[in-house]
Amino acid sequence: MLKILTLNNISVAGLERLPRDKYEVASEITHPDAILLRSFKMHDMDVPKSLKAVGRAGAGVNNIPVDKYSALGIPVFNAPGANANAVKELVMAGMLLGCRNVASAWDYVRNLKGSDAELNKLVEAGKKEFAGFELPGRTIGVIGLGAIGRTVANMALELGMNVVGFDPGITVEGAWQLSANVEKASSVDEVFAKADFISFHVPLIDATRDMVNSERIKLLKDNVVILNFARDGIVNNEAISEGIKSGKVYAYVCDFPNNMLIKHERVFCLPHLGASTTEAEDNCAIMVANQIRDYLESGNIHNSVNFPEVRMDSNEGYRLSIVNSNVPNMLGQISTVLANDNLNIIDMINKSRGELAYTLVDVDQVVGQATLDKLSSIDGILNVRAI
Ligand SMILES: NC(=O)c1ccc[n+]([C@@H]2O[C@H](COP(=O)([O-])OP(=O)(O)OC[C@H]3O[C@@H](n4cnc5c(N)ncnc54)[C@H](O)[C@@H]3O)[C@@H](O)[C@H]2O)c1
């Protein structure tokens, strides 16, 4: 029986991926093989000796001391992109909130008083205040073309918009998933100069803090809608306020309320709703449970934040999973131990990432404890497991 400790509530759809005949899953469990969590802060937690893997049902891993787990040879898995559709849909709502003045118009209607006939008159007189503009033919700039940004870019094309994207770190895999009709910008400034809407989908790091600032606002055309469903801090609040006053910014729609902006009539703040859908929670839990299961049962690694991607199809052999420091002569020492113990290698894969290397070896006979002990005692080997 494999034991899974949950440090937060994990969606049932995810837990169902761990069948009861093979897995014991509980919020209190001794000697867990793996831990599943969402936002629990693991920094002060002792690492159980039995632990083989950690799975975060979400994208960010700030709540996990990843380096500590790397040093112990324990992979940390996450669920990149599992909430991308949820955020994309809210960005779409945000675009319409911004350009059709939906929130202000709704507010206006809710405060009307009188008979239905009087309301009708007031509506006809008042609606011109809320006239907006349409999406097709307008240009949206998408900054950050990762899991979320590229779905936003592709969606905007489907809505008949032109799309200009900027991401100097786009992955090859990411580029394959992006429509060829997205125009590539060579700088953030170029996006600012071309766009009628700008949507941010970058992490908050030094290079992205205050990406929207007073200088950049001057580059904008008039009446631009700015959308921030990424992180607070990417858009400078004073700059937005000035931009609205000067007419450069038509509306600012974001997921990060603050006292300076919440009462502003051209700012629409939502209460960090981006990934708050049942589907996103289910997707995250399903993804990470599948990955943990694949690692525990086959040693394969997919979507780890500290280990390389490794997959080896199973065959007739007996499998060893070995984590070691990424230094010379490890494979030589591993194969010498196996040969000395008369174990014939049927198949093998070895990949590295930073200071870690990971090896899967299939051999022709059951691997005994004595062999495992010899492998574990090699200097630089962090973790050995017979699967
Ligand atoms: N509102 C919410 O509830 C919510 C939900 C999920 C994610 N997010 C946030 O959305 C953001 C994007 O998430 P994701 O899953 O798409 O992440 P991701 O890692 O898949 O993509 C981020 C992209 O930003 C790019 N990037 C980094 N620095 C850049 C820079 N200086 N200029 C341009 N591009 C740059 C990277 O190359 C990467 O492609 C993150 O900040 C995440 O925290 C918010």
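# Loops, sheets and a ligand site

Trainee: Asn342 sits in the loop that links helix 12 (330–340) to strand 14. What sign does the phi of Asn342 have, and about what value?

Mentor: The model is predicted, and Asn342 lies in a loop of that model. Most residues other than glycine have a negative phi. Asn342 is not a glycine, yet its phi is positive, at about 60 degrees.

Trainee: Is Asn342 buried or exposed?

Mentor: The cut-off for exposed is over 50% relative accessible area. Asn342 has 59%, so Asn342 counts as exposed.

Trainee: Which residue in the loop between strand 12 and helix 11 has a positive phi without being a glycine, and how accessible is His272?

Mentor: The residue in that loop is His272, with a phi near 50 degrees. Partly exposed covers the range between under 20% and over 50%. His272 falls in this range and is therefore partly exposed, with a relative accessibility of 47%.

Trainee: Where is Met348, and which residue stands opposite Met348 in strand 15?

Mentor: Met348 belongs to strand 14 (residues 345–353). Strand 14 runs antiparallel to strand 15 (residues 356–363), and eight bridges join them. Across from Met348 in strand 15 is Val361.

Trainee: What lies between strand 14 and strand 15, and which turn residue has a positive phi?

Mentor: The two strands form a hairpin, with two residues between them. The phi of about 60 degrees in the turn belongs to Gly354.

Trainee: How far apart are Met348 and Leu360 in space, C-alpha to C-alpha?

Mentor: Met348 touches Leu360, and also Met312, Leu331, Thr359 and Val361, leaving aside residues up to four places away in sequence. Met348 itself is partly exposed, because its relative accessible area is 30%. Met348 and Leu360 are separated by 12 residues in sequence, while their C-alpha distance is 5.6 Å.

Trainee: Which strands are at the edges of the five-stranded sheet?

Mentor: This open sheet has the order 2-1-3-4-5 and parallel pairing. Each edge strand pairs on one side only, and these are strand 2 (23–26) and strand 5 (76–77).

Trainee: Which residue of strand 3 stands opposite Thr6?

Mentor: Strand 1 (residues 2–6) pairs with strand 3 (residues 34–37) in the parallel sense, over three bridges. Helix 11 (residues 278–298) lies across strands 1 to 5 and runs at about 170 degrees to strand 4 (53–56). The partner of Thr6 in strand 3 is Leu36.

Trainee: Why does one side of strand 8 and of strand 12 lack a neighbour in the seven-stranded sheet?

Mentor: The order of this open sheet is 8-7-6-9-10-11-12, with parallel pairing. Strand 8 (183–184) and strand 12 stand at its edges, so one side of each is left without a neighbour, each having a single partner strand.

Trainee: At about what angle does helix 6 run to strand 6?

Mentor: In the same sheet order, strand 6 comes between strand 7 and strand 9. Helix 3 (residues 84–99) lies across strand 6 (139–143), strand 9, strand 10, strand 11 and strand 12, at about 145 degrees to strand 11. Helix 6 (residues 147–158) touches strand 6, strand 7 (162–166) and strand 9, and its direction makes an angle with that of strand 6 of about 170 degrees.

Trainee: Which residues of helix 10 are buried?

Mentor: The buried residues of helix 10 (residues 237–246) pack against helix 9 (214–217), strand 10 (224–228), strand 11 (249–254) and strand 12 (267–269). The buried residues are Asn237, Ala239, Ile240, Ser241, Gly243 and Ile244.

Trainee: Which residue places a side-chain oxygen within 3.0 Å of the backbone nitrogen of Glu238?

Mentor: This contact is at the start of helix 10. After the helix comes Gly247, with a positive phi near 90 degrees. The side-chain oxygen at the start belongs to Asn236.

Trainee: How much of the ligand does the protein bury?

Mentor: The ligand is surrounded by 23 residues, the closest being Ala147, Ile148, Asp167, Val202 and Asp255. Ligand oxygen atoms lie 2.9 Å from a polar backbone atom of Ile148 and 2.6 Å from a polar side-chain atom of Asp167. Taken alone the ligand exposes 860 Å², and the share of this that the protein buries is 79%.

Notes:
Residues numbered from 1 in each chain as written. Predicted model: local features only at pLDDT ≥ 70, side-chain atom pairs only at ≥ 80, totals over all residues. Heavy atoms only, no water. Helix = DSSP H or I, 4+ residues; strand = E, 2+ residues; numbered from the N terminus. Buried < 20%, exposed > 50% of the residue type's maximum accessible area, 1.4 Å probe, protein only. Contact = heavy atoms within 4.5 Å. Pairing = 2+ DSSP bridges. Axes fitted to C-alpha atoms, helices over the stretch in contact; angles between N-to-C directions. Polar contact = N/O pair within 3.5 Å; in protein donor to acceptor, adjacent residues only side chain to side chain. Near = heavy atom within 4 Å. Areas by Shrake-Rupley, 256 points an atom, 1.4 Å probe, with all protein chains shown as cover.
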